[in-house]
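Let's go through a fold together and practise reading its features one by one. Grab a viewer and follow along.

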Amino acid sequence: MKKIEEINQKIKDGDVVVVTAAEMISVVAENGLKKAAEEVDVVTTGTFGAMCSSGAFLNFGHSDPPIKMYKTYLNNVEAYSGIAAVDAYLGASQPNRNPEIGIDYGGAHIIEDLIRGKEIKLVAEAYGTDCYPQKKIETYITMDKLNQAIMVNPRNCYQNYAVATNSTDETLYTYMGTLLPKFGNITYSSAGQLSPLLNDPYFETIGTGTKIFLCGGEGFIIGEGTQHATEVERMNDVPVSAAGTLMLKGDMKKMDPDYVRGASMPKYGPTLYTGVGVPIPILNEQIAARTAISDENITCRVIDYGIARRSRPVVRETNYAELKTGEIEINGVEIPTSPLSSYKKAEEIAEELKEWIINGKFYLTNPVEKLPSKDHFVKPLEIKKPSILIKDIKIKPVIIARPTEKINDVAKKLVENSINHLPVVDDKGKLMGIVTSWDIADAVARGKTDLKDVMTKKVVIAREEEPVDVIARRIDKYEISGLPIVDKDNKVKGMITTEDISRLIGESSRKNK
C-alpha cells in the first residue's frame with residue numbers, strides 16, 4: 001500500500017515515477033503487475049471530446065447606475081441571469097438567438113472566445129428597481145474585465161459511451177454526428193484506454209476534491225456528474241455502456257485555448273470540446289491492474305440511433321481496438337468508423353499532466369469524499385400523457401399499386417379512393433416506391449404510360465414503432481404530405497398523412513379541455 005502523501009513527497013523530492021495510461025499497458029506486460037505497482041507512482045489519463053453538459057458562471061461587476069440583469073446576451077447568445085444582479089450562467093449548448101446564425105455559434109463558442117481573449121458584446125435587459133434602476137446596457141467585455149469566469153460542467157467524462165449507427169433510409173443529424181442511412185457509417189466518442197473513468201472503474205482514487213487537468217489549467221472534481229450510474233453491465237470491470245460521470249470546476253482565466261474548442265454538430269447544436277486529464281495514484285496492485293486496461297479489453301455497444309426511442313436497440317458489441325482500425329462488420333458488410341473525440345489530443349493531455357507532476361508543478365489531492373460506486377441509477381422521465389405510436393392509431397385499409405401498372409389505371413385508383421398517395425409494392429408486399437397525384441399529372445403531361453418510370457424509388461417512411469410526433473417532424477423536414485407505414489420486414493401496412501396528424505392533434509386538444 002502507498003499513500004498519496006508519500007507520492008507527493010516523491011514529487012517534491014523529484015523521485016516520482018509517472019507514466020500515461022497507454023504506457024502503463026506495456027509497463028505491466030513487461031515487468032509484471034507486482035513490480036509495476038511498486039515502481040509506478042502515478043498514471044495519467046486524458047480525454048478530449050464533445051461535452052455538451054458544460055458551461056460557465058460569469059460575474060460582470062456592477063454598472064453605474066447599477067442594473068439587476070433579467071435577460072443577458074453575449075454575442076447574441078443568452079446566458080441565464082436568474083441567480084443574482086450581475087451573475088449569469090452560460091450553457092455550452094445554448095444556440096444564438098439570431099436565426100441566421102442559430103446553432104452555428106453558441107455558448108461553447110463564447111467560452112472559447114473568452115479564453116482566447118476575444119472581445120464579446122454584452123447586452124443586458126432589466127425591469128428596474130429602486131436599488132437597480134438601470135433597464136438596459138450594451139457594452140463589450142473580455143476575460144480580463146470579468147471578476148470571475150468559473151467553468152462548471154454538470155456532466156463530463158462519461159465512463160464509456162454508445163457507439164452510433166443508423167439503420168433507416170434517411171440521414172440523421174445527432175449529438176453523435178451525422179449518421180448516414182442504411183448503416184452507412186459508425187461514430188464513437190471515447191479515448192478508450194486513456195479515458196479517465198475507464199482506468200478507475202470503481203472510483204477508488206477519484207472523488208470530490210480530486211485535482212485534475214482541465215482545459216490546460218488546474219481544475220477539480222466537485223462531485224459525481226448528472227446521470228451518474230453505477231448499476232450497469234460490466235466486462236473486465238469496465239461498464240459496456242454509459243455509466244459514471246464527473247462534475248468539474250476550473251478557473252477559465254488560467255485555461256489554455258489549445259485544450260478547449262467551441263463546435264457545432266450539423267443540424268443538432270453547439271457543444272464544447274473539453275480537455276480533461278485525471279491523475280490516478282497507484283496505491284496498490286489492484287489499481288495498477290485496472291490502469292493497464294487496453295482498447296482490446298474495453299467492450300462497447302453499437303446502438304441504432306435510427307430508432308427514436310429512449311431505449312435504442314443494440315446492433316452488436318465491439319471494442320475500441322476494433323473501432324480504431326477504421327471499419328467494423330455489420331450484417332456481413334464492413335462499415336467505416338470515425339471518432340468524434342481526438343485520441344491525439346488525449347495523448348497530449350496525459351503527457352502534459354505527466355510533465356507537470358514530474359517537474360513538481362502539480363501535486364495530488366486526497367478526495368474529501370469518493371464518488372458513489374454503487375446503488376446509483378438513472379431514472380427516466382415519465383410523461384403522464386405517453387407518446388402515441390404509429391401502430392396505435394387507426395389507419396384506413398392500405399391501397400397499393402404494382403410497378404407494372406399503367407398510369408391510367410393508377411390515376412383511377414387515386415380518384416376513386418379520394419387519395420393523393422399510393423405505395424408501390426412487389427409481390428410480397430414490400431415497399432418499392434411511392435407515387436402521388438402530382439406525379440401522375442406530370443406523367444400524363446409528358447406522355448409517359450408506365451408506373452415504374454414515374455414512381456419515386458427513394459421513399460421517406462414511417463415505422464410502426466415510431467411516435468407520431470417524430471413522424472410529424474419528418475413530414476415537416478422533407479416538406480411532404482404523407483408517408484407509407486412499414487413493418488420490420490419493410491412490408492407496407494398503411495399510409496399516414498398530414499390530415500391524419502392534424503386530426504390526431506385536434507382530438508388530443510379536445511380531450512385535454
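**Reading the features**

A: Start with one residue: tyrosine 80 counts as exposed, since its relative accessibility is 51% and the cut-off for exposed is over 50%. Bear in mind that this is a predicted model.

Q: Where is tyrosine 80 found, and which residues form a nonpolar patch with it?

A: Tyrosine 80 is in the loop between strand 6 (77–79) and strand 7 (87–91). Together with Phe57 and Ile83 it forms a nonpolar surface patch, with about 300 Å² of accessible area for the three.

Q: Let me zoom out. How many helices and strands does the protein have?

A: The count is 12 helices and 33 strands. The C-alpha atoms fill a box of roughly 90 × 70 × 40 Å along the principal axes, and of the 513 residues, 49% are buried.

Q: What share of the contacts comes from residues 24 or more positions apart?

A: Taking contacts with a separation of 6 or more, 68% come from residues at least 24 positions apart.

Q: And the surface: how much area does the protein expose, and what do carbon and sulfur atoms supply?

A: About 24,700 Å² is exposed, and carbon and sulfur atoms supply 49% of that.

Q: How many positive and negative side chains are there?

A: There are 65 positive and 71 negative ones, and the centres of the two sets lie 6 Å apart.

Q: How do I read a salt bridge, and how many are there?

A: Look for a Lys or Arg side-chain nitrogen within 4 Å of a carboxyl oxygen of Asp or Glu. By that rule you get 30 salt bridges. One of them joins aspartate 450 and lysine 406, at 2.6 Å from N to O. Aspartate 450 sits in the loop between helix 10 (437–446) and strand 31 (462–463), and lysine 406 in the loop between strand 28 (369–370) and helix 9 (407–416), so the bridge ties together parts that are 44 residues apart in sequence.

Q: Is aspartate 450 buried or exposed?

A: Buried, because its relative accessible area is 17% and the limit is under 20%. Its partner, lysine 406, is partly exposed at 42%.

Q: What does a salt bridge between two buried residues look like here?

A: Try arginine 474 and glutamate 466, whose closest N and O atoms are 2.7 Å apart. Arginine 474 is buried at 8% relative accessibility, and glutamate 466 is buried at 5%. Both belong to a network of salt bridges that also links Glu170 and Lys477.

Q: What about the pair aspartate 169 and lysine 182?

A: Those side chains meet in a salt bridge at 3.9 Å, N to O. Aspartate 169 is partly exposed at 27%, while lysine 182 is exposed at 59%.

Q: Now the backbone. What should I look for in phi and omega?

A: Most residues other than glycine have a negative phi, and most peptide bonds are trans. With that in mind, check asparagine 331: its phi is positive, about 55°. Asparagine 331 lies in the loop between strand 26 (327–330) and strand 27 (333–339), and it is exposed at 65% relative accessibility.

Q: What is the phi of serine 418, and where is that residue found?

A: Its phi is near 50°, also a positive value in a residue other than glycine. Serine 418 is in the loop between helix 9 and strand 29 (421–425), and at 68% it counts as exposed.

Q: Which peptide bond is cis?

A: The bond from aspartate 64 to proline 65 is cis, with omega near 0°. Proline 65 is in the loop between strand 4 (55–59) and strand 5 (71–74).

Methods. Residues numbered from 1 in each chain as written. Predicted model: local features only at pLDDT ≥ 70, side-chain atom pairs only at ≥ 80, totals over all residues. Heavy atoms only, no water. Buried < 20%, exposed > 50% of the residue type's maximum accessible area, 1.4 Å probe, protein only. Helix = DSSP H or I, 4+ residues; strand = E, 2+ residues; numbered from the N terminus. Contact = heavy atoms within 4.5 Å. Areas by Shrake-Rupley, 256 points an atom, 1.4 Å probe, with all protein chains shown as cover. Lys, Arg positive; Asp, Glu negative; His and termini not counted. Charge placed at Lys NZ, Arg CZ, Asp CG, Glu CD. Patch = residues over 30% accessible without salt bridge, like charges linked within 9 Å, V, L, I, M, F, W, Y side chains within 5 Å.
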